Amino acid sequence: MVSGREKAYAYLKDTVLTDPAMQGEYLSEQDIANRIGVSRTPIREALLLLAAEDLVELVPKRGARVAPLMGREIAELMELRGIVERYAAQQVVAADRTPVRELADLLEQQRGLSGPDQAKEFIAVDHLFHKTLVSAVGNALLDRHYDGLRSRQVRAGVVALFNAEGRQSAVIDEHGAILDALAAGDAAAACEAIDHHLESTLKVLLAG
């Protein structure tokens, strides 16, 4: 059975923190408690966990504030993602276990999502696209490490969609280039496509 703290943690991390309108805003413990049907105690416990991950800031006498994504954090996130995803591309190509069908299905899902009202779902599939590539390596520790980036990755992705008109279409094209290179067994081209994708996202975020 899911505890109140776990329920609050998941709601805050997956719903509140990924909302572009909430970046830098203070959170109402009572409002969140009312929304998900728990007391304020598990909300506080969840906020302590999120503060330990540097996803919220606990400000004395003010409460919890959604920590805005800063330039350095964004750059470091993209750098770390690049290291992991390039490694994954090289490994799956070398072992001939590229999940082409799964990636193609996810790309097709993204093509069916458009507009601001579907931005979160689009980015959730975006994360799953990259996660599927990383998981194909078969390294459980690497999977857990990459999963730890999920909240920041989703937040950055949603913000990027709102910062740049046409970004959804560009992401689909960039994912297509990654998939084409992987399907062709060209690890170098896949790494280049991954770099281009992450660099494009970084530029949009820093420009916003």
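A crossing of two helices counts as right-handed if the near helix is turned clockwise from the far one by less than a right angle, and as left-handed if the turn is anticlockwise. With that in hand, the helix pairs of this predicted model can be described one by one.

Take helix 1 and helix 3 to begin with. Helix 1 covers residues 4-16 and helix 3 covers residues 40-52, and their axes come within 8 Å, crossing at roughly 55°. That angle makes helix 1 oblique to helix 3, since it falls outside the ranges for roughly parallel (under 35 degrees), roughly perpendicular (65 to 115) and roughly antiparallel (over 145). The crossing here is right-handed. On the helix 1 side, the contact involves Gly4, Arg5, Ala8, Tyr9, Leu12 and Lys13, which meet Pro42, Ile43, Glu45, Ala46, Leu47, Leu49 and Leu50 of helix 3. Sorted by class, that contact has nine nonpolar residues, one polar and three charged.

Helix 4 and helix 10 make another pair. Their axes lie 9 Å apart, and the angle between them is about 165°. The two helices are therefore roughly antiparallel to each other, and they too form a right-handed crossing. Helix 4 brings Gly71, Ile74, Ala75, Met78, Arg81, Gly82, Glu85, Arg86, Ala89, Gln90 and Val93 to this contact, while helix 10 brings Ala187, Ala190, Cys191, Ile194, Asp195, Leu198, Thr201, Leu202, Leu205 and Leu206. Here the split is 13 nonpolar, four polar and four charged residues.

Helix 10 also packs against helix 8. In this case the axes come within 9 Å and cross at roughly 70°, so helix 8 ends up roughly perpendicular to helix 10. The crossing is left-handed. From helix 8, the residues in contact are Ala156, Val159, Ala160 and Asn163, and from helix 10 they are Thr201, Val204 and Leu205. Five of these residues are nonpolar and two are polar, with no charged ones at all.

What about empty space inside the model? Searching the whole structure turns up one cavity of 30 Å³ or more, and about 110 Å³ of space lies in the largest cavity. Its lining is made up of Met78, Arg81, Ile123, Asp126, Gln153, Gly157, Ala160, Leu161, Arg167, Val171, His197 and Thr201. Helix 4 (71-94), helix 6 (119-135), helix 8 (150-163), helix 9 (167-183) and helix 10 (187-207) each put at least two residues into that lining. Which helix gives the largest share? That would be helix 8, with four residues. By class, the lining has five nonpolar, four polar and three charged residues.

Some names turn up in both parts of this story. Met78 and Arg81 of helix 4 meet helix 10, and both residues also line the largest cavity. Ala160 of helix 8 and Thr201 of helix 10 belong to the contact between those two helices, and the cavity lining includes them as well.

Definitions and conventions: Residues are numbered from 1 along each chain as its sequence is written. This is a predicted model: local features need pLDDT of at least 70, side-chain atom pairs count only at pLDDT 80 or more; totals for chains, interfaces and linings use all residues. Side-chain values use heavy atoms; hydrogens and water are left out. On a 1 Å grid over the protein atoms alone, a cavity is a set of points where a 1.4 Å probe fits but cannot get out, and a pocket is an open set with protein on both sides within 12 Å along at least five of seven lines; lining residues have an atom within 4 Å of a point. Grid points are joined across faces, edges and corners, and a volume is the space filled by probe spheres set on the points. Ala, Val, Leu, Ile, Met, Phe, Trp, Tyr, Cys and Pro count as nonpolar, Asp, Glu, Lys and Arg as charged, and the others, Gly among them, as polar. Axes are lines fitted to C-alpha atoms, for helices over the stretch in contact, and angles run from 0 to 180 degrees between N-to-C directions. Contact means heavy atoms within 4.5 Å.
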